[in-house]
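Here's a quick briefing to read with the structure open beside you. Take it one topic at a time and try to find each residue as you go.

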Amino acid sequence: VQLQASGGGLAQLGGSLRLSCAASGYIFSIGTMNWYRPAPGKQRELVAAITSGGSANYVDSAKGRFTISRDNAKNIVYLQMNSLQPEDTAVYYCNARIRTPTSTAYRDYWGQGTLVTVSS
């Protein structure tokens, strides 16, 4: 199983970017899909999460600006980031709870990270 993140880049203050993360491989089921980024004093913070049913949660700083969504048929999770601020600059990592056909349990898988840089 692999997670491949893409969509990072350079954005202007107040601009937008859309991140994508595609899961591939021998997948039976995908649970919650998440986006993380490093945060001061923490190893990382959960930026946004979405369940398999489509329920979403956000870190306070992302509410009203970021939207997480997923395409269950394609095993892709998206993060639409609007009104970007310099403090959004970070490497964003996607994460998913995935069950493979040979396992009865879900485990965490991580993408390689995609860099978002917001210039002022």
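What follows is a short tour of the strands, the core, the rings and one loop. Keep in mind that this is a predicted model. Four of its strands line up in an open sheet, and its largest nonpolar core has 29 residues. There is also one aromatic pair to look for.

**The four-stranded sheet**

- Reading across the open sheet, the order is S1-S3-S8-S7, with antiparallel pairing.
- The edges are strand S1 (2-6) and strand S7 (66-71), each of which pairs on one side only.
- On average, neighbouring strands in this sheet are turned by 15 degrees against each other, if you ignore direction.
- In general, strands of a sheet are held in pairs by backbone hydrogen bonds, and they can run parallel or antiparallel.
- Take S7 and strand S8 (residues 76-81): they run antiparallel and are joined by six bridges.
- Want one partnership to find on screen? Phe-66 has Met-81 in S8 as its bridge partner.

**Two hairpins**

- S4 and S5 are also antiparallel partners, with six bridges between them.
- Look for Trp-35 here: its bridge partner in S5 is Ala-48.
- Two residues lie between the strands of the S4 and S5 hairpin, where Gly-41 takes a positive phi near 80 degrees.
- S5 is joined to strand S6 (residues 56-58) too, by three bridges, and the two run antiparallel.
- In this second pairing, Ala-49 has Asn-57 in S6 as its bridge partner.
- The hairpin of S5 and S6 has five residues between its strands, and Gly-54 there has a positive phi near 100 degrees.

**The nonpolar core**

- Which members of the largest core touch the most other members? They are Leu-3, Trp-35, Val-47, Phe-66, Leu-79, Met-81 and Tyr-92.
- Several strands supply at least two residues each, among them S1, strand S3 (17-24), S4, strand S5 (42-50) and strand S11 (114-119).
- S9 gives the most to this core, with five residues.
- Met-81 is worth clicking on: leaving aside neighbours within four places in sequence, its contacts include Leu-17, Leu-19, Phe-66, Tyr-92 and Val-116.

**Rings and charges**

- The aromatic pair is made by Tyr-36 and Trp-110; their centres are 5.1 Å apart, and their planes meet at 50 degrees, so the pair counts as tilted rather than edge-to-face, which takes over 60 degrees.
- This pair links distant parts of the chain, since Tyr-36 is in strand S4 (residues 29-39) and Trp-110 is in strand S10 (residues 107-110), 74 residues apart.
- Is Tyr-36 buried or exposed? Tyr-36 has a relative accessible area of 17%, so it counts as buried, the limit being under 20%.
- Its partner Trp-110 is partly exposed, because its relative accessible area is 34%.
- Tyr-36 also has the charged end of Arg-44 over its ring, 5.5 Å from the centre.
- Elsewhere, the charged end of Arg-18 sits over the ring of Tyr-78, 4.0 Å from that ring's centre.

**A loop glycine**

- Gly-14 is in the loop between strand S2 (9-12) and S3.
- Gly-14 counts as partly exposed because its relative accessibility is 44%.
- Not counting residues up to four places away in sequence, Gly-14 touches Ser-83 and Leu-84.
- Compare Gly-14 with Ile-30: they are 16 residues apart in sequence, and their C-alpha atoms are 33 Å apart in space.

Notes. Residues are numbered from 1 along each chain as its sequence is written. This is a predicted model: local features need pLDDT of at least 70, side-chain atom pairs count only at pLDDT 80 or more; totals for chains, interfaces and linings use all residues. Side-chain values use heavy atoms; hydrogens and water are left out. Two strands pair if DSSP finds at least two bridges between them. Axes are lines fitted to C-alpha atoms, for helices over the stretch in contact, and angles run from 0 to 180 degrees between N-to-C directions. Rings of Phe, Tyr and Trp (its six-membered ring) pair if their centres lie within 6.5 Å; planes under 30 degrees apart count as stacked, over 60 as edge-to-face and the rest as tilted. Buried means under 20% relative accessible area, exposed over 50%, partly exposed in between (1.4 Å probe, protein chains only). A charge sits over a ring if NZ of Lys or CZ of Arg is within 6 Å of the ring centre and within 35 degrees of the ring normal. A nonpolar core is a set of buried Ala, Val, Leu, Ile, Met, Phe, Trp, Tyr and Cys residues joined through side-chain atoms within 4.5 Å. Contact means heavy atoms within 4.5 Å.
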